[in-house]
Amino acid sequence: MLSDFGIILLFILAAIVLIMVVLGASRLLRPNRPNEEKLTTYESGEEPLGNANVQFNVRFYVVALVFVLFEVELIFLFPWAVVFGNVDLIEQTDGRWGWFALAEMLVFVGMLTLGLAYAWRKGYLDWVRPTPQVPHTPSPVPPALYEQLNEKYAPKVKVP
Amino acid sequence: MCIGSALFILLTRNLMYAAFALFVALLGVAALYVLAGADFLAVTQLMIYVGGILVLLIFGIMLTQTPERQEATASNRVEVLSGRRFWGFLASVAVFCLLLFTLLGSRFRLGGDTLTSRSTLRTLGVELMTSHLLPFEIAGVLLLVALIGAAYLALNRNPSA
Amino acid sequence: MYPIVLLSVLGIVVLFLGFMKSKSVLLPATLLFLVLALASNFIDWNQGKVLYFYEMLAVNNLTLAFNAIVLVSAFMIVAMTRGFQDQEEAQPAEYYGIMLFSLVGAFMIIGYEHLIMLFVGIEILSVSMYILTGSDKSNLRSNEAALKYFLMGAFATGIMLFGIALLYGATGSFNLTDIQSYVSIQGRGVSYILYAGLLLLLIGMLFKVSAAPFHFWTPDVYDGAPTIFTTFMSTIVKTAGFAAIFRLLSHSFTPIYSFWWITLAAITVLTLLVGNIIAVYQNSFKRMLAYSSISHAGYLLIAVTSLSPQTENAILFYSLAYSIATISAFGVLMLVSKKKALEGQVDESYAAFNGLAAQNPLLAFVLAVSMLSLAGIPLTAGFWGKFFVFGSAVERGLVWMLVVAVLMSAVGIYYYFRAIIAAYLKEGDIGKIRIAPFYRIILVVATAMTILFGLAPGIFEKLL
């Protein structure tokens, strides 16, 4: 008798074996003539630019942090979800069990939701936008003069 | 597999490879949990460590990586005074001996009922809702503190200002 | 148990109060909440031992008294945070909220009956402390301190958790009373797992109260953290931590006293030596207070090690005396260093106090009394604290330990008096320091309490 995890292990093994068989077979059958073009990283037809190890932005990090916290909360929800609707337990306690469990979980989730609301309101979740850099040319000529030039040499349009 | 990849983490010079080796190590630990009959713990390990913390770690590496210095040339060795190395070695050997002694000196037998292959999930749920109610709710407070603190410390500015 | 629930909720309320336009409502609200918690704390007074939440929490007069000490210290510290609001970057709502949450953790480790509660409580307390340590984000030293504290603290937590797991493996229970009955039934024949588990658990907890071989984080963290949170750490975390250690040892492990007292005695002596002797070489007042807090951990450990009927009172009185004196010392330091910072450079060395008495007699007096109390000079609370601690050691017959302790307090007098000498005898150019009225009241009350308990320690014993 296999346990559930035994089946999962079988799946993993099967996946590994299958891939090895398929790749091994193709390796035996295909001609092997690599060139520059074939060896580049596949990026949907685009030419790859630079290294994949680029520096990330902080904004990803904050989102990932919040994600981990809520994942922990999710883990707590699992056992609750299993027993929450349990008919036996509800009947044993005249239905009090369900309400009790629901209330407990609401308190737990509510506390974290408040935290999330707090972080949201504070703006921690805002996507950090890069401030657009306005090109600035240090020119001794004041912009008003340019305007005058434009006025002067602009093609005269006849206003009907 | 677990120990091998852990050794690899220790020896490799590339942080990225170390992170991926950690992935294998954590998977190995999850498998160990399954073999020990702790299925909920194994799922937790998979979800939180492999799914969450490792992602965070890789983000962290990519965040701090500078494009210029691709390959670290310095060795992983940390320079310490030889005297401190001696004391540290002594302490670690002492702790190892203590734990080994404990391990050998103890009798492992299962007290109470025999091991069943039933899932621990249901028991855990009932326990969490009844007798371990307070730690459960307080864990909520702990997560809340961590959430606020993480958000506060991770961003280097005051967003509302 | 009421304060736990109350403060969890009120902490969230404080967080959301921070969204209001005027920040001035925050401080009074937080203080009000602390008073509410203090009042609710005494609902259970004189009920005997009560267990809450399926035997998760125990409440008796001792835990309530510890709760009260923690709350009073927190009240004083929060009251001294006036002036935070002036800063542009500061976000007082978060500081206050996190402080209230950390108090929840402190209450849990004071009154835990179940080892999981101990673990969760210590985690809440530590996570809050990591955040508060690093809260001065523009300051590199603060960041360094937070990182150091976090790494070391996480490691210690791991060790502690391993110890708890081993204890569970040996006794089959997380419950303190169950462990106690297991230990007393088995007597000397308990398995090695129990010994190893107890040892690892103790190491984890001693780390949190910065006892000697595990103290390396303390000076850097205390020095790097903003002064107000250093005060918080050195009073509240220490009081709660000692309450937890005492509870563990006195409640569950009295039958194997002969096993753990030697270990603990060695740690105690080492703590006393390290704390006092290194403190002599410090030039920074703040760093000196960090080492002084290590040495006070040593004195408290004497009381725990000797575990006599007097110990309860001794620990309680000592933590109270130590907390009050530390708060007023840090309070004066904060005022002086803030003044110096306004004049240009941050100065937290002894020299900052030079000539304090000439212009600011009140501050100099407060500083002097707190230093005397920390040094354990008669007529202050600190003297009676040390007296009770030594008394309990005598009762157990640990005379050699007492000799070390007395010698070390003599060493202690030297570095505490350096501050007093700087304030009264040295020349300096400190102008008049403006003190907010509230701040003044807190300092005066703290000093008055130190002297009152010094003159009549009996008052306190009648209260209990």
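How many helices and strands are there in chain B? Select chain B and colour it by secondary structure: you'll find 6 helices and 0 strands. Walk along the sequence and the pattern reads α-α-α-α-α-α. Keep in mind throughout that you're looking at a predicted model, one that scores ipTM 0.79 and pTM 0.84.

**Stop 1: still on chain B**

Chain B has 161 residues, and buried ones make up 19% of them. Now think about who touches whom inside the chain. Of the contacts in chain B with a separation of 6 or more, 48% are between residues 24 or more positions apart.

**Stop 2: over to chain A**

Next, select residues 6-29, 60-85 and 97-120 of chain A. UniProt lists these under "transmembrane region", in an unreviewed entry. Zoom in on two of them. Residues 60-85 of chain A are 96% helix and 0% strand, and the C-alpha atoms at the two ends lie 37 Å apart. Then try residues 97-120 of chain A: here the chain is 100% helix and 0% strand, with 34 Å between the end C-alpha atoms.

**Stop 3: where A meets B**

Show chains A and B together. Here 38 residues of chain A are in contact with 41 residues of chain B. On the chain A side, pick out α3 (58-84) and α5 (96-122), each of which supplies at least two residues. Which element of chain A gives the most to the side that touches chain B? That's α3(A), with 19 residues. Colour this side of chain A by residue class and you get 28 nonpolar, 5 polar and 5 charged residues.

**Stop 4: where C meets B**

Hide chain A and bring up chain C. This time, 28 residues of chain C are in contact with 24 residues of chain B. To see the chain C side, select α4 (92-110), α5 and α8 (192-208) of chain C, the elements that give two or more residues to it. α5(C) gives the most, with 8 residues. By class, the side of chain C that touches chain B has 17 nonpolar, 7 polar and 4 charged residues.

**Stop 5: confidence along chain C**

Finish by colouring chain C by pLDDT. The mean for chain C is 85, and 95% of its residues reach 70 or more. Which elements of chain C have the lowest and the highest mean pLDDT? Helix α19 (residues 458-463) of chain C has the lowest, at 67, while helix α5 (residues 115-133) of chain C has the highest, at 91. Where pLDDT is low, don't read the predicted coordinates in detail.

Conventions:
Residues are numbered from 1 along each chain as its sequence is written. Chains are lettered from A and ligands numbered from 1 in the order in which they are written. This is a predicted model: local features need pLDDT of at least 70, side-chain atom pairs count only at pLDDT 80 or more; totals for chains, interfaces and linings use all residues. UniProt positions are given in the numbering used here, feature names are shortened, and annotations may be inferred rather than shown by experiment. Helices (H or I, at least four residues) and strands (E, at least two) are DSSP runs, numbered from the N terminus. A residue is buried if 20 or more other C-beta atoms lie within 10 Å of its own, exposed if 12 or fewer, and partly exposed in between; C-beta atoms are placed from the backbone. Two residues are in contact if their C-beta atoms, placed from the backbone, lie within 7 Å. pLDDT is the predictor's confidence in each residue, from 0 to 100. Ala, Val, Leu, Ile, Met, Phe, Trp, Tyr, Cys and Pro count as nonpolar, Asp, Glu, Lys and Arg as charged, and the others, Gly among them, as polar.
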